[in-house]
Amino acid sequence: MSTPEAALYENSFFVEGGNFDTAGSVSSQIKALLKHMRLPNDVVRRAALVTYESEINIVSYADHGRIYLKVTSDYVMIEAIDKGQGIADIELAMQEGYSTATDKIREMGFGAGMGLCNIRNFSDFFRITSDVGKGTHLKMVIKIDKLFDGI
Ligand SMILES: Nc1ncnc2c1ncn2[C@@H]1O[C@H](COP(=O)(O)OP(=O)(O)O)[C@@H](O)[C@H]1O
Ligand SMILES: [Mg+2]
C-alpha cells in the first residue's frame with residue numbers, strides 16, 4: 001500500500017527566457033506525460049493549461065526558469081520558479097486584461113493579460129510569490145477526483 005502523498009512521477013524542465021521558438025514545448029511534454037499516465041482528460045487539460053501559461057510568462061518576462069512536475073495518486077502539482085524581474089504588484093498582475101507585454105510579444109499572439117487569472121481559475125490551489133529583481137514562484141495543484149472509492 002502506498003501512502004496518498006507518495007509521488008508516482010517527478011521531473012523538472014528548464015525554460016529559457018526570450019526564446020519563443022521553443023515556447024510551449026515544456027507544457028507539450030508535460031501534457032503528453034500526463035496523458036500517457038492515463039490521468040482523467042479534465043486533469044490533463046487543466047494541468048497543460050496552467051503549465052502553458054506559466055511557461056509563456058517565463059519566456060516573456062523572465063531570464064530563465066524551471067517547471068517542476070509532481071504527480072501522486074491524488075493530485076498533479078506544478079511549480080514554475082524563475083529568475084528575472086519579478087512582479088511588483090501581484091494584485092494588479094492578476095487582474096483580467098492587465099499586461100505589460102511588448103508589441104513584439106503581442107505580435108506573436110500573446111499578452112492578452114489572461115494568463116495568471118486563468119491559472120488561478122483552472123487550479124484547485126494556486127499561490128504566487130515574487131521578489132522584484134529576483135524572480136517569481138508559482139505553485140499550482142490540480143486534484144484528481146476519484147470516481148469510485150476503493151479502486
Ligand atoms: N514570471 C513573470 N515574471 C515577471 N512578470 C510576470 C511574470 N508572469 C507575469 N508577469 C507580469 O504579470 C502580467 C500579467 O500576466 P498574464 O496574466 O500572464 O498576462 P500576459 O502574459 O498576457 O501579460 C504580465 O504582463 C507581466 O507584467
Ligand atoms: Mg501570460
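# Contacts and burial around ligand 1

Reader: How far does the backbone oxygen of I119 lie from a polar atom of the side chain of S123?
Author: The model is predicted. S123 lies in the loop between α5 and β4 (125-131). I119 is found in helix α5. From the backbone oxygen of I119 to a polar atom of the S123 side chain, the distance is 2.7 Å.

Reader: Is S123 buried or exposed?
Author: The relative accessible area of S123 is 10%. The cut-off for burial is under 20%. S123 therefore counts as buried.

Reader: What is the relative accessible area of I119?
Author: I119 belongs to helix α5. This residue is buried. Its relative accessible area is 0%.

Reader: How far apart are the C-alpha atoms of I119 and G18?
Author: Along the chain, I119 and G18 are 101 residues apart. In space, their C-alpha atoms are separated by 21 Å.

Reader: Which residues are closest to ligand 1?
Author: Ligand 1 is surrounded by 17 residues. By type, this shell divides into 7 nonpolar, 9 polar and 1 charged. The closest residues are Y61, D82, S99, T100 and G113.

Reader: How far is an oxygen atom of ligand 1 from an N or O atom in the side chain of N57?
Author: Polar contacts reach to 3.5 Å. For Y61, a side-chain N or O atom is 2.7 Å from an oxygen atom of ligand 1. For the side chain of N57, the distance is 2.9 Å.

Reader: Which residue has a backbone N or O atom 2.7 Å from an oxygen atom of ligand 1?
Author: Here the protein atom is a backbone N or O atom, and its partner is an oxygen of ligand 1. The residue is G113.

Reader: How much of the area that ligand 1 exposes alone does the protein bury?
Author: Taken alone, ligand 1 exposes 530 Å². The share of that area buried by the protein is 94%.

Reader: Which elements give two or more residues to the shell around ligand 1?
Author: Ligand 1 sits in the largest pocket. Two or more shell residues come from each of α2 (41-61) and α5 (115-122).

Reader: What is the phi of R38?
Author: Most residues other than glycine have a negative phi. R38 is not a glycine, yet its phi is positive. The value is about 60°.

Reader: Where does R38 lie, and is R38 buried or exposed?
Author: R38 lies in the loop between α1 (25-36) and α2. Its relative accessible area is 75%. Exposed means over 50%. R38 therefore counts as exposed.

Reader: How far apart are the C-alpha atoms of G65 and F13?
Author: G65 is found in strand β2 (residues 62-72). G65 is buried, with a relative accessible area of 5%. G65 and F13 are 52 residues apart along the chain. Their C-alpha atoms are separated by 8.5 Å.

Reader: How far apart in space are L138 and I128, C-alpha to C-alpha?
Author: L138 is in strand β5 (residues 135-143). It counts as buried at 7% relative accessibility. In sequence, L138 and I128 are 10 residues apart. In space, C-alpha to C-alpha, they are 4.6 Å apart.

Reader: Which class of burial does I90 fall into?
Author: I90 is found in helix α3 (residues 90-93). Its relative accessible area is 24%. Buried means under 20%, and exposed means over 50%. I90 falls in between, so its class is partly exposed.

Reader: How far apart in space are I90 and V59, C-alpha to C-alpha?
Author: The two residues are 31 residues apart in sequence. C-alpha to C-alpha, the distance between I90 and V59 is 18 Å.

Terms used. Residues numbered from 1 in each chain as written. Chains lettered and ligands numbered in written order. Predicted model: local features only at pLDDT ≥ 70, side-chain atom pairs only at ≥ 80, totals over all residues. Heavy atoms only, no water. Near = heavy atom within 4 Å. Polar contact = N/O pair within 3.5 Å; in protein donor to acceptor, adjacent residues only side chain to side chain. Areas by Shrake-Rupley, 256 points an atom, 1.4 Å probe, with all protein chains shown as cover. 1 Å grid on protein atoms, 1.4 Å probe; cavity = no way out; pocket = protein on both sides within 12 Å on 5 of 7 lines; lining within 4 Å. Sits in = over half its atoms within 2 Å of the grid points. Helix = DSSP H or I, 4+ residues; strand = E, 2+ residues; numbered from the N terminus. Nonpolar A, V, L, I, M, F, W, Y, C, P; charged D, E, K, R; others polar. Buried < 20%, exposed > 50% of the residue type's maximum accessible area, 1.4 Å probe, protein only.
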